[in-house]
Amino acid sequence: MTRTRKSSCKTHGSPLCQLPAKPQNELEPNDPALYERLAEQWWHPRGPFVMLHWLAAARARLVPAARPGAVLVDLGCGAGLLAPHLHGYRHIGVDLSEPSLRRARGIEPVLGDVLAVPLPDECADVVVAGEILEHVHDLAGAVAEACRILRPGGLLVLDTLADTAVCRLVAIGLAERVGLAPRGVHDPALLVDRAALVRECARHGVRLALRGIRPSLLDLLTWPVRRGRPVRMVPTATTAVLFQGAGRKKG
Ligand SMILES: C[S@@+](CC[C@H](N)C(=O)[O-])C[C@H]1O[C@@H](n2cnc3c(N)ncnc32)[C@H](O)[C@@H]1O
């Protein structure tokens with residue numbers, strides 16, 4: 001059964017809508033207009049998307065070397081921060097933020113909703129969903145679409161935020177306050193239930209293994225004096241905050 005998650009975002013259901021200009025302090029949590037406001041910042045090495053750069057490097061380490069002609073579909077790709085870390089794939093990026101796609105580098109941009117991906121069944125060798133599942137109001141629908149476009153034997157790679165009190169505290173309360181993520185980018189109501197995620201993937205033939213990750217504390221503490229050099233993401237025992245998932249589709 002498809003469950004619709006409750007969101008406080010009023011505009012999220014209309015993916016390609018043209019949003020009226022609003023001052024940033026009036027935006028709802030998880031308002032897509034945030035990406036319009038911040039579109040210039042995607043590639044800024046110390047900007048509001050800085051942690052996404054670190055996460056992209058960690059995500060890329062889960063992606064195998066490309067065989068000739070291999071296709072990777074990057075769901076909710078933003079400006080394509082994953083692209084510099086990958087080689088050899090035809091890298092297709094799907095996102096509903098046109099201003100973000102205009103800043104994209106190294107991908108074939110496709111304007112679209114991850115809940116109705118405008119790509120054919122089983123077209124991808126690898127499907128990546130990096131920091132997107134915590135932004136959609138229909139987790140089951142997003143997983144179904146990711147698995148639909150994945151070929152049998154293909155790999156699903158994702159990272160996202162767990163629906164836990166500690167995650168709300170660390171990833172929203174703290175990270176947004178200290179500038180590791182844009183303020184208001186997350187809606188706590190959309191954080192991801194790990195058991196539901198694993199179950200939905202299994203329903204579509206993908207056995208997902210999860211592992212927790214966090215920034216290296218040494219890198220993080222010295223980051224202000226390291227002239228924007230990236231912070232490494234390292235494994236951690238708990239999946240209760242930030243976690244990665246990977247699994248192959250049966251077939
Ligand atoms: C936190 S950013 C992550 C971007 C990218 N995956 C990365 O890690 O750099 C979330 C992205 O998802 C996009 N997004 C949010 N909801 C979406 C949806 N329903 N369909 C497609 N893209 C969506 C936003 O426009 C934004 O670019």
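## Helix α4, the ligand shell and model confidence

Helix α4, which spans residues 139–149, is mostly covered, with eight of its eleven residues buried (buried means that 20 or more other C-beta atoms, placed from the backbone, lie within 10 Å of the residue's own; helices are DSSP runs of H or I of at least four residues and strands are runs of E of at least two, numbered from the N terminus). This is a predicted model, in which local features need pLDDT of at least 70 and side-chain atom pairs count only at pLDDT 80 or more, while totals for chains, interfaces and linings use all residues. Residues are numbered from 1 along each chain as its sequence is written.

The buried residues of α4 are L139, A140, A142, V143, E145, A146, C147 and I149, and they pack against the elements below, a contact being two C-beta atoms, placed from the backbone, within 7 Å.

| Element packed against α4 | Residues |
|---|---|
| β1 | 71–75 |
| β4 | 124–130 |
| β5 | 150–161 |
| α6 | 194–203 |

Around the ligand there are 22 residues, of which G76, G78, L81, S97 and V114 come nearest (near means a C-beta atom, placed from the backbone, within 6 Å). Helix α2, residues 50–60, gives the largest share of this shell, three residues.

The chain averages a pLDDT of 90, and 90% of the residues score at least 70, pLDDT being the predictor's confidence in each residue, from 0 to 100. Over residues 6–24, however, the pLDDT is below 50, although this stretch has 34 contacts in the model beyond near neighbours in sequence. Where pLDDT is low, the predicted coordinates should not be read in detail.

Terms used: Buried ≥ 20, exposed ≤ 12 C-beta atoms within 10 Å, placed from the backbone.
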